[in-house]
Amino acid sequence: MDALKDFYDFYRPLQRKYDLQMIYKTNSKEATITIRWHGKEIVKVTEETTEACFSRTKRELEERMKKYEQQTETKEKAQRAGFYMDKIRESYAEKQQ
(Lines give C-alpha, C1' and ligand atoms only; values in the text may rest on other atoms or scores of the structure.)
Protein backbone atom coordinates (compact mmCIF):
# COMPACT_ATOMS: atom_id res chain seq x y z
CA MET A 1 0.00 0.00 0.00
CA ASP A 2 2.91 2.34 -0.70
CA ALA A 3 0.85 3.98 -3.45
CA LEU A 4 -1.85 4.84 -0.93
CA LYS A 5 0.65 6.37 1.53
CA ASP A 6 2.42 8.30 -1.25
CA PHE A 7 -0.91 9.60 -2.48
CA TYR A 8 -2.05 10.83 0.92
CA ASP A 9 1.34 12.37 1.72
CA PHE A 10 0.96 14.40 -1.48
CA TYR A 11 -2.80 15.01 -1.27
CA ARG A 12 -3.28 16.16 2.34
CA PRO A 13 -1.37 19.48 2.06
CA LEU A 14 -3.13 20.26 -1.22
CA GLN A 15 -6.47 19.37 0.30
CA ARG A 16 -5.94 21.86 3.11
CA LYS A 17 -4.50 24.58 0.89
CA TYR A 18 -7.10 24.40 -1.89
CA ASP A 19 -10.05 22.86 -0.03
CA LEU A 20 -10.19 19.80 -2.31
CA GLN A 21 -12.80 17.05 -1.99
CA MET A 22 -12.10 13.43 -2.85
CA ILE A 23 -14.68 10.78 -3.68
CA TYR A 24 -13.44 7.18 -3.68
CA LYS A 25 -15.66 4.40 -5.03
CA THR A 26 -14.82 0.75 -5.50
CA ASN A 27 -16.55 -2.41 -6.60
CA SER A 28 -15.37 -5.88 -7.50
CA LYS A 29 -14.14 -4.79 -10.95
CA GLU A 30 -12.64 -1.33 -10.51
CA ALA A 31 -11.76 1.61 -8.29
CA THR A 32 -12.64 5.22 -9.07
CA ILE A 33 -11.27 8.40 -7.52
CA THR A 34 -12.77 11.79 -8.28
CA ILE A 35 -11.23 14.99 -6.95
CA ARG A 36 -13.28 18.18 -6.96
CA TRP A 37 -12.29 21.76 -6.35
CA HIS A 38 -15.09 24.21 -5.55
CA GLY A 39 -17.60 21.76 -7.00
CA LYS A 40 -15.68 21.42 -10.27
CA GLU A 41 -14.24 18.05 -11.18
CA ILE A 42 -10.50 18.39 -11.79
CA VAL A 43 -9.34 14.75 -11.75
CA LYS A 44 -11.24 11.51 -12.34
CA VAL A 45 -9.41 8.19 -12.53
CA THR A 46 -10.75 4.66 -12.93
CA GLU A 47 -8.44 1.65 -12.71
CA GLU A 48 -8.77 -2.06 -12.11
CA THR A 49 -6.73 -2.07 -8.88
CA THR A 50 -6.71 0.30 -5.93
CA GLU A 51 -2.91 0.70 -6.07
CA ALA A 52 -2.98 1.69 -9.74
CA CYS A 53 -5.87 4.06 -9.15
CA PHE A 54 -4.11 5.95 -6.34
CA SER A 55 -0.77 6.18 -8.16
CA ARG A 56 -2.38 7.45 -11.39
CA THR A 57 -4.52 9.93 -9.47
CA LYS A 58 -1.39 11.29 -7.78
CA ARG A 59 0.35 11.75 -11.15
CA GLU A 60 -2.64 13.50 -12.71
CA LEU A 61 -3.19 15.72 -9.68
CA GLU A 62 0.50 16.71 -9.71
CA GLU A 63 0.24 17.76 -13.35
CA ARG A 64 -3.00 19.64 -12.80
CA MET A 65 -1.79 21.53 -9.72
CA LYS A 66 1.57 22.32 -11.34
CA LYS A 67 -0.26 23.98 -14.24
CA TYR A 68 -2.53 25.88 -11.85
CA GLU A 69 0.37 27.13 -9.74
CA GLN A 70 2.25 28.26 -12.87
CA GLN A 71 -0.82 30.18 -14.03
CA THR A 72 -1.19 31.76 -10.60
CA GLU A 73 2.48 32.73 -10.53
CA THR A 74 2.24 34.29 -14.00
CA LYS A 75 -0.88 36.22 -13.00
CA GLU A 76 0.80 37.52 -9.83
CA LYS A 77 3.85 38.65 -11.81
CA ALA A 78 1.61 40.49 -14.25
CA GLN A 79 -0.24 42.19 -11.40
CA ARG A 80 3.04 43.26 -9.78
CA ALA A 81 4.32 44.58 -13.11
CA GLY A 82 1.08 46.53 -13.57
CA PHE A 83 1.37 47.95 -10.05
CA TYR A 84 4.92 49.14 -10.70
CA MET A 85 3.93 50.64 -14.05
CA ASP A 86 1.16 52.60 -12.31
CA LYS A 87 3.68 53.89 -9.77
CA ILE A 88 6.07 54.93 -12.55
CA ARG A 89 3.26 56.74 -14.39
CA GLU A 90 2.22 58.56 -11.21
CA SER A 91 5.79 59.56 -10.49
CA TYR A 92 6.28 60.77 -14.07
CA ALA A 93 3.01 62.74 -13.97
CA GLU A 94 4.08 64.43 -10.71
CA LYS A 95 7.44 65.40 -12.19
CA GLN A 96 5.75 66.90 -15.25
CA GLN A 97 3.66 69.30 -13.16
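Helices (H or I, at least four residues) and strands (E, at least two) are DSSP runs, numbered from the N terminus. The model you have open is a predicted one, in which local features need pLDDT of at least 70, side-chain atom pairs count only at pLDDT 80 or more, and totals for chains, interfaces and linings use all residues. Residues are numbered from 1 along each chain as its sequence is written, and side-chain values use heavy atoms, with hydrogens and water left out.

Begin with the whole protein chain, which holds two helices and three strands, arranged from the N terminus in the order α-β-β-β-α. Its C-alpha trace spans about 80 × 25 × 20 Å along the principal axes.

Next, select strand 1 (residues 20-26) together with strand 2, and you will find them paired in the antiparallel sense over seven bridges, where two strands count as paired if DSSP finds at least two bridges between them. Within this pair, M22 stands opposite I35 in strand 2, and a hairpin of four residues joins strand 1 to strand 2.

Now select strand 2 alone (residues 31-37): is it mostly covered or uncovered? Strand 2 is mostly covered, since six of its seven residues are buried, where buried means under 20% relative accessible area, exposed over 50%, and partly exposed in between (1.4 Å probe, protein chains only).

Finally, add strand 3 (residues 40-47), which pairs with strand 2 in the antiparallel sense over seven bridges; here V45 is the bridge partner of I33. In the hairpin of strand 2 and strand 3, with two residues between the strands, select H38, which takes a positive phi near 55 degrees.
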